Amino acid sequence: MTISTGNPSPQAMADSRRDAAHSDAGATASHLLPSNVPVQLVDPDGHHRHDDRYPLPDGGALLDAYARLVTGRRINDQANALVRQGRLAVYPSSHGQEACQVAAAVVLETTDWLFPTYRDTVAVIARGVEPLEVLTLLRGDWHSGYDPCEHHTAPQATPLATQLLHAVGVAHASKLRGEETVVLAMCGDGATSEGDFHEALNFAAVFHVPVVFFVQNNEYAISVPLKNQSVAPSLAHKAIGYGMPGERVDGNDLAALLAVLGAAVERAREGAGPSLVEAHTYRMQAHTNADDATRYRTQEDVEKWVPRDPLTRMRTYLHGLNLLDDDAEARFAADAEVIAAYMRDGLNAEVQPDPQELFAHVYARRTPQLEEQAAQLRDELSRQDG
Amino acid sequence: MSTVSTAEAEITDVTASDTAAATAAAAAGMPQSLTFAKALNTALADEMAADPAVLMFGEDVGPLGGVFRITDGLTARFGEERCFDTPLAESGIMGMAVGMAMNGMRPVVEMQFDAFAYPAFEQVVSHAAKMANRTRGKVRLPLVIRIPYAGGIGGVEHHCDSSESYYAHTPGLTVVAPATVADAYTLLREAIRLNDPVVFLEPKKLYWTKEDVDLAALRSRFDAVDSDGAPRGGSPRPGAIGTAAVARPGTDATLIAYGPSVSTALAAADAAAAEGRSLEVVDLRSIVPFDDETVTASVRRTGRAVVISEAPGFASVASEIVARVQERCFHSLAAPVLRVTGFDIPYPSPKLEHWFLPSVDRILDAVDELQWEDQ
């Protein structure tokens, strides 16, 4: 299946969806299957690979996305350093997956919705959310620091796959109101084993809502490798079971991600329903700083992925086209450093969360019991101060 | 999902035959005979008519009208975009409701039976209950989870659980259990208008009970308030949710009950009156928020209390009520606060359930034990 806009009209898609639910499904459903190999438009050596189905994004778009890639890598590095300094409680890094992070953010309009996971900090910042608000969760000040409605970006989900159903609900509500909102919902390879993953794909397909399910297959769910998670031909193959198209893409190829996710978003916006995109990538670092990855994989395993790094291949490609030069590189690095410095300054400043806020948001109207408990804590605090 | 009990079949006829007479009486502005089921159905219809953001979905709630017919006629009246069937997956139903509530809707979902709601548990406790707190009040979830609840209908396995403790123990959830036809209507409309997630427990055994209610009077209350339960242009005031009702005044002891156990408590109070003992019955109406004020005022007055609940008593809502009453009324108490609850066993089979459920006799026995000899 090609998730591209050159495909049948929404009405034709809806008809084929109904047809697929009937007895001749086997004959008509093969168009829902993903490519045999992940879509790649720029290879690890930085060379363009032509693909009839997916045109290469234009140079300006690639250069802009590359700048965000540089920033994303810097954010990951800086956050890791801040954990070591005790300024963040924990950080699940997306090092190596930054192309997925950037693409997920830039293919959406501001009116669309993004549903990120705990590993998608870079995507949330790329979406335009203030970095310190994003890091409120991992700093431990509160469970989420930004206004999801202002940014149309859900809180980063820690339970696996539960947010995919929320994404379906947000899309369903928008569809009922006749809005053109598209929802992009992120999860990892491990999350595809959760029941909510299946329920979300099924609900999205049955209600024909505009959701793009974006699986970052980074080969590990903490310590468990993909082969122990699923023996499906690919995770994108799961889509056909729900009557939606699936596609596979090289998750370290920024150009291919922009093309494939962009097509999936456009398709959803045209009313052609949900789809599933699996990006094949690799988690270059441990699950979090609290994890010891040497217990379940070797350094050689990791090093195989170094030459496939999303930054180096895009840098080589853009240099080859003379779209990028050393001056621009220096400018991008300086811009990234500004955000890193902002993170350092912001997180080095002491913030004292207000204990009274513990009672503030639980109910729209505080219960008498919470009033009592708030008074008890207030009393306790005043005795400490005294 | 499922085997349908014989009791469910009965209710269909009751709701259907009610409709014409009820409509005529309502038009005349007179008190009318209404079943508990029809009151819920009317509350849903009235809220859906009042607010296009109110949606109803779940299993078999569309053309069938739900296995208990609570959504009867809603798809026909409001269209299949506003009352619809979902795939058979409770976590999916609940998770989709969370997303819809995040994005401007006020979904009402039906879990077909209490014990079929458990696949949705993570969505309820980790997401519905926590979203407002997680987002510092930026995202409030106005949604209602309707659950046909508790026993007394001869349901086969997994059709009768008293699951209120799970929900009441989860901060962020409002937990409501109506015991009268009028409250079924009022509490459901209030629940839909709250800006928080509400677990709405509908005692199955009450679905086909009838009462005379003045529907026009009940309705008028909702014409005058905004979506947060506050009178338009006025200051917030508590509604029925969060306010217990004294279902029967009395002077000698207080029976504290909610949902399905209120009618049993009232029957016990009738029997006690015949023996010369005056029992007050407090109907909690909502378990969360809990109305300490009404409960403690009653117990301080009577000096004795028995808490009645169908759920197994260990670590239960009944336990919590006993603890609260004891903490607040210690110096007014003439006897320990006792409980009449279900045994600490899985819900029994139909032929054995009457041994499990609180009965008038057990309540009277408990009342007898309240140290009357000291008087």
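Student: What does pLDDT express, and over which residues after 17 in chain B does pLDDT stay under 50?
Tutor: pLDDT is the predictor's confidence in each residue, from 0 to 100. The structure is a predicted model, in which local features need pLDDT of at least 70, side-chain atom pairs count only at pLDDT 80 or more, and totals for chains, interfaces and linings use all residues. Residues are numbered from 1 along each chain as its sequence is written, while chains are lettered from A and ligands numbered from 1 in the order in which they are written. With 13 contacts beyond four places in sequence (C-beta atoms, placed from the backbone, within 7 Å), the stretch under 50 is residues 230-237.

Student: What average pLDDT does chain B have?
Tutor: In chain B, 88% of the residues score at least 70. The chain's average pLDDT is 91.

Student: In what order do the seven strands of the open sheet in chain B stand?
Tutor: Strands are DSSP runs (E, at least two residues), numbered from the N terminus, and two of them pair if DSSP finds at least two bridges between them. The pairing in this sheet is mixed, and the order is S3-S2-S4-S5-S7-S6-S12.

Student: Which strands form the edges?
Tutor: An edge strand here pairs on one side only. In chain B these are S3 (83-85) and S12 (286-288).

Student: Which residue stands opposite B:Phe57?
Tutor: Strand S2 (residues 54-58) and strand S4 (residues 106-110) of chain B pair in the parallel sense over five bridges. Opposite B:Phe57, in S4(B), stands B:Val109.

How values were computed
Helices (H or I, at least four residues) and strands (E, at least two) are DSSP runs, numbered from the N terminus. Two residues are in contact if their C-beta atoms, placed from the backbone, lie within 7 Å.
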